[in-house]
2 protein chains.
Amino acid sequence: MSGNGTQKRQVTRLSRERRVFDIMAAARAVFREKGYEDAPLSDIAERANVVEGSIYRYFENKRDLLVKVIEDWYEGMLADYGQQLSGISGTRNRLRYMIWRHMNTIHEEPALCNLMFQHIRPSRDYSQTAVFQLNREYTRQTLEIIRSGIEAGELRNDVPLRLVRDMIYGCIEHHTWTYLRGEGNFDPDASADAIVDLVLSGLQVRVPAEPVRPDIAERLEKAVARLEEMALSGDTGAPAP
Amino acid sequence: MSGNGTQKRQVTRLSRERRVFDIMAAARAVFREKGYEDAPLSDIAERANVVEGSIYRYFENKRDLLVKVIEDWYEGMLADYGQQLSGISGTRNRLRYMIWRHMNTIHEEPALCNLMFQHIRPSRDYSQTAVFQLNREYTRQTLEIIRSGIEAGELRNDVPLRLVRDMIYGCIEHHTWTYLRGEGNFDPDASADAIVDLVLSGLQVRVPAEPVRPDIAERLEKAVARLEEMALSGDTGAPAP
DNA sequence: CGAAATGATGAATTGTCCTCATTAAGATCA
DNA sequence: TGATCTTAATGAGGACAATTCATCATTTCG
């Protein structure tokens, strides 16, 4: 409207790394806030101080941007996982840490987790992505915990490992979502304890280590009674008529 | 192009029910084939022999159409569930049936399940939908199975019910997806057995019902030995030096 | 300093969902 | 039966977001 007809446009050029970093940071924030489909590329571009079209110089398309964002987040998350875990000993403690950490992640980044579960994991080519590989390494450690528990004789050896893995992760996810939906409040510590307990002990009632098995107690008592009787009567041990 | 300039357009009018039925059937097919975002309304309209705009006379928008499709499918699915379940007795058998059925559903309609998990369940207003209510009733029956197992003394009574529910459903879903992704082949029967077993028994090694507790066996043997000795010696029962 | 190479731009294109003024089919009534 | 009214169906067009590309700005290099 005002007379800036022949104004030369300003163009700022930064290093490739810096641009990629800016765009991914902006994308992560916007995706976290609005989800995937409700996040217009224009929002991301604006927040990154870039024009829409420029994004396509660094990312194939919107989906590729999402994948890279999640990948980046995942890497940061898992960076210290192995190390932390190696500092914990005992099957139960290690399982508990793994469960606790997984729950905590969902609790702290529900939006990004949602993107992962809604848009990355169900995609056809998921098993070709880097996130898949990261995840594989992550869950491999869980399988390893179980395997060493079996070797130590603490855990049953007749259970399909993958099923156990699926049970643990499935439980965590399902449980966290129902909580996030607003059923009760969230206590990762208590929940982690309960899940470990349930996975290890199962639902069935366990017979406590019985003080004395009834049939044996009976036989013992009879033997003692007979002993006493014999001691008093001088019997030779043949049953009384 | 060819000279049909003033051709009167043909309009067919059907009952409201019939139109809704046609559109939902077409939508279910197209959604199943292409997912949600990759299913253009034009495809659905074409398959239903309707023009795009007409869909909006019966459904608020694309999402509403999806919700109604899933609702409809869910209702059909759960119609006989309660009845089937009431024909099965025993905690283990009932749990197994519930698990088997859930797995089977995912196996037979992976695409529709995906829509449910990806687009319906995570939505903000999920807990206001009819599907949510249906699902609630569905999982309530699972809680009921467990509750009656507890009452019968078969199951532990110190376990949070919701956690058990989450564990079962989470396990089924996670497990089925990893299978559908192509890791191994799918055997609902074997898997259902394994899941029931794991949920009931847990991971930990169970001490088998010992034939005789060692300490008791020892005492028994000693008693018998003493008996014999006494019978031979005419001892009064005081321990031998 | 000039030319070539590369990066950034935003206008234009495309593909969808969705709206709405217009038209056709069927219902109602004289 | 024919005129009028009601309402369903239509499809052209609006809105909006992803993606492309010809053009121009900046940097690099001889």
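What percentage of the 241 residues of chain A count as buried? I began my notebook with this, and I record that the model is predicted. The answer is that 43% of the residues of chain A count as buried.

**Entry 1: the build of chain A**

I looked up the secondary structure of chain A next. I found 11 helices and zero strands. Read from the N terminus, the elements of chain A run α-α-α-α-α-α-α-α-α-α-α. I then turned to contacts within chain A between residues with a separation of 6 or more. Of these contacts, 65% join residues that are 24 or more positions apart.

**Entry 2: the cavity**

How many cavities of 30 Å³ or more does the structure hold? I noted one. The space in this largest cavity comes to about 130 Å³. I listed 13 residues in its lining, and the closest to its centre are A:Y74, A:M77, A:H102, A:T105 and A:Y138.

I then asked which helices of chain A each supply at least two residues of this lining. They are helix 4 (62–78), helix 6 (91–108), helix 7 (110–120) and helix 8 (130–151). Sorted by class, the lining has nine nonpolar, three polar and one charged residues.

**Entry 3: DNA strand C**

I moved to the DNA and began with strand C. Around DNA strand C I found 23 residues, and the closest are A:R13, A:Y58, B:R13, B:Y56 and B:K62. Of the strand C atoms that come within 4 Å of the protein, 66% belong to sugar and phosphate.

Which element gives the most to the surface near DNA strand C? I found that helix 3 of chain A does, with four residues. Helix 3 of chain A and helix 3 of chain B each supply at least two residues of this surface. By class, the surface near strand C has nine nonpolar, six polar and eight charged residues.

I then looked up individual atom pairs. An N or O atom in the side chain of A:R19 is 3.0 Å from a phosphate oxygen of strand C. From chain B, a polar backbone atom of B:A39 is 3.5 Å from a phosphate oxygen of strand C. At a base, I noted A:R57, where a polar side-chain atom lies 3.3 Å from a base nitrogen of strand C.

**Entry 4: DNA strand D**

I repeated the search for strand D. I counted 23 residues around DNA strand D, and the closest are A:R13, A:Y56, A:K62, B:R13 and B:Y58. Within 4 Å of the protein, 67% of the strand D atoms belong to sugar or phosphate, and the rest belong to bases.

I looked up three atom pairs here as well. The side chain of A:Y56 has an N or O atom 2.6 Å from a phosphate oxygen of strand D. A polar backbone atom of B:V51 is 3.4 Å from a phosphate oxygen of strand D. At a base, an N or O atom in the side chain of B:R57 is 3.3 Å from a base nitrogen of strand D. The elements that give two or more residues to the surface near strand D are helix 3 (52–58) of chain A and helix 3 (52–58) of chain B.

Helix 3 of chain B gives the most to this surface, with four residues. By class, I recorded nine nonpolar, six polar and eight charged residues near strand D.

**Entry 5: two asparagines with positive phi**

I searched the backbone angles and stopped at A:N49. Its phi is positive, about 55 degrees, although A:N49 is not a glycine. A:N49 is in the loop between helix 2 (41–47) and helix 3 of chain A. Is A:N49 buried or exposed? I found that A:N49 counts as exposed because its relative accessibility is 66%, and exposed means over 50%.

I then looked up B:N49. Its phi is near 55 degrees, a positive value in a residue other than glycine. B:N49 is placed in the loop between helix 2 (41–47) and helix 3 of chain B. With a relative accessible area of 65%, B:N49 is exposed.

**Entry 6: a glutamate in a loop**

My last search concerned B:E109, which lies in the loop between helix 6 (91–108) and helix 7 (110–120) of chain B. Is B:E109 buried or exposed? B:E109 is buried because its relative accessible area is 16%, and buried means under 20%. Which residues is B:E109 in contact with, leaving aside its neighbours within four places in sequence? I noted B:R32 and B:W73.

How values were computed: Residues numbered from 1 in each chain as written. Chains lettered and ligands numbered in written order. Predicted model: local features only at pLDDT ≥ 70, side-chain atom pairs only at ≥ 80, totals over all residues. Heavy atoms only, no water. 1 Å grid on protein atoms, 1.4 Å probe; cavity = no way out; pocket = protein on both sides within 12 Å on 5 of 7 lines; lining within 4 Å. Points joined across faces, edges and corners; volume = space filled by probe spheres on them. Nonpolar A, V, L, I, M, F, W, Y, C, P; charged D, E, K, R; others polar. Near = heavy atom within 4 Å. Polar contact = N/O pair within 3.5 Å; in protein donor to acceptor, adjacent residues only side chain to side chain. Buried < 20%, exposed > 50% of the residue type's maximum accessible area, 1.4 Å probe, protein only. Contact = heavy atoms within 4.5 Å.
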